[in-house]
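Please open the structure in your viewer and keep the selection tool at hand. The stops below say what to select next and what is to be found there.

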Amino acid sequence: MEACHLCPRHCGASRTPNALGVCGQTRQIRIARAALHPYEEPPISGNRGSGTVFFCGCSLRCVFCQNRAISRGEQIGEAVTPRELTDIFLRLEQEGAHNINLVTPTHFLDGVLQALELVKHRLTIPVLYNTSGYELVEALGRLEGLVDIYLPDFKYYSSKVSAKYSGAPDYREIAEKALLEMYRQVGTFTLDTDGLLRSGLLVRHLVLPGNRHDSMAVLSRLSELLPVTDLRLSLMSQYTPDFALECPHKELHRRVTRFEYESVLEHALSLGFTGYMQGRASASSLYTPNF
Ligand code: SF4
């Protein structure tokens, strides 16, 4: 089997059941869930929901991952062929989805591309690529013309922080190139007449406890990389320690304080970003209005 180099981990794994890479998946597409999702950002979920397809496995494997039931372990979810994936996309559109939202799909890129090439011309709703931001430019380049909206995280500034929480000291360097490639492909964001995102870039950043200075540095760097008025920012406060209690990083064993979140939000506003923020008190996925 061909050695896998689809993502920046460059494992070179053959991706057979006995030789998996960091993503923990063979090449067979596996999905954990495909359904309308009401709790993405307002211009993505709208009033009917986003057509989310959660792929199993992940190549970043953050210590605080809230989706670890999906992102780790090979034997979860359902195996589907690219053609079956196209049926899922069409079913979600029929159910009223505002978009097709591919969540962490890159380790199945070959199959996902096959599905998109088969069905893109039949979809009347945008295709959204939802990613950790830890992506190779070459992989993203293969998606040009098939993806309308990129929804990347920009997680870390410091290589020490990204090494500590995701085992990826090169995260920022990789994510910066990925963001530039995404912007090259989709350009300035556009909204439809209902205020739903039709194309463009929505960048997510999750504020982590004890790391507000890193968050501010992320936003400053983003504002240097791309025109802030051409993209939307989603500043997330939903961090919950439940999934990190066993990790050795004590600062992750609590929630983000109001002071931490608000100081990052203030910095975002001072840089000219516009976008969305989450309700902090519940640390839930519910969004509060735009900022
Ligand atoms: S997609 Fe998986 S196997 Fe391939 S390089 Fe990335 S982590 Fe390794």
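Begin by selecting helix H6 (residues 159-166), whose buried residues pack against helix H7 (171-186) and helix H8 (212-225). Helices here are DSSP runs of H or I with at least four residues, strands are DSSP runs of E with at least two, and both are numbered from the N terminus. A residue is called buried if 20 or more other C-beta atoms lie within 10 Å of its own, exposed if 12 or fewer do, and partly exposed in between, with the C-beta atoms placed from the backbone. Before going further, note that this is a predicted model, in which local features need pLDDT of at least 70 and side-chain atom pairs count only at pLDDT 80 or more, while totals for chains, interfaces and linings use all residues. Residues are numbered from 1 along each chain as its sequence is written.

Within H6, colour Val-161, Ser-162, Tyr-165 and Ser-166, which are the buried residues of this helix. They cover an arc of only 95 degrees around the axis, the arc being that of the directions from the helix axis to the C-beta atoms, and this puts them on the same side of H6. Step just past the end of H6 to Gly-167, which takes a positive phi of about 60 degrees.

Next, select helix H4 (residues 109-119), where Gly-111, Val-112, Ala-115, Leu-116 and Val-119 are buried. Looking down the axis of H4, you will find its buried residues within an arc of 135 degrees, so they line one face of the helix. An α-helix has 3.6 residues a turn, so residues three or four places apart point the same way. To see what this face meets, add helix H3 (82-94), strand S4 (100-103) and strand S5 (127-131), against which the buried residues of H4 pack.

Stay in H4 for Gln-114, which has its place in this helix. Is Gln-114 partly exposed or buried? Gln-114 counts as partly exposed, because it has 17 C-beta neighbours inside 10 Å. If you draw a distance from Gln-114 to Arg-172, the two lie 30 Å apart in space, C-alpha to C-alpha, and 58 residues apart in sequence.

Move now to the loop between S4 and H4, and select Thr-104 there. Its phi is near 55 degrees, a positive value in a residue other than glycine. Most residues other than glycine have a negative phi, and most peptide bonds are trans. Thr-104 is buried, with 23 other C-beta atoms within 10 Å.

The strands come next, beginning with S2 (residues 50-55), which is joined to strand S1 (residues 30-37) by six bridges, the two running antiparallel. Strands count as paired if DSSP finds at least two bridges between them. Along this pairing, His-37 stands opposite Ser-50, and Ala-34 stands opposite Val-53. S2 is also joined to S4, here by four bridges and in a parallel arrangement, with Phe-54 standing opposite Val-103 in S4. Which residues of S2 point one way, and which the other way? Ser-50, Thr-52 and Phe-54 point one way, Gly-51, Val-53 and Phe-55 point the other way, and all are buried. In a regular strand the side chains alternate between the two faces of the sheet. Returning to S1, select strand S3 (residues 78-79) as well, since two bridges join these antiparallel strands, and Arg-30 has Ala-79 as its bridge partner.

Now show the ligand with the 14 residues that surround it, a residue being counted if its C-beta atom, placed from the backbone, lies within 6 Å. The closest are Cys-4, Cys-7, Cys-11, Gly-21 and Cys-23.

In the segment before S1, select His-10, which has a positive phi of about 45 degrees although it is not a glycine. With 13 C-beta neighbours inside 10 Å, His-10 counts as partly exposed.

A further stop is Arg-258 in helix H9 (residues 258-270), which counts as exposed with 11 C-beta neighbours inside 10 Å. Arg-258 and Ser-237 are 21 residues apart in sequence and 9.2 Å apart in space, C-alpha to C-alpha.

Finally, zoom out to the whole chain, whose secondary structure comes to nine helices and eleven strands. Its C-alpha trace spans about 50 × 45 × 35 Å along the principal axes, and buried residues make up 47% of the 291 residues.

Notes. Contact = placed C-beta atoms within 7 Å.
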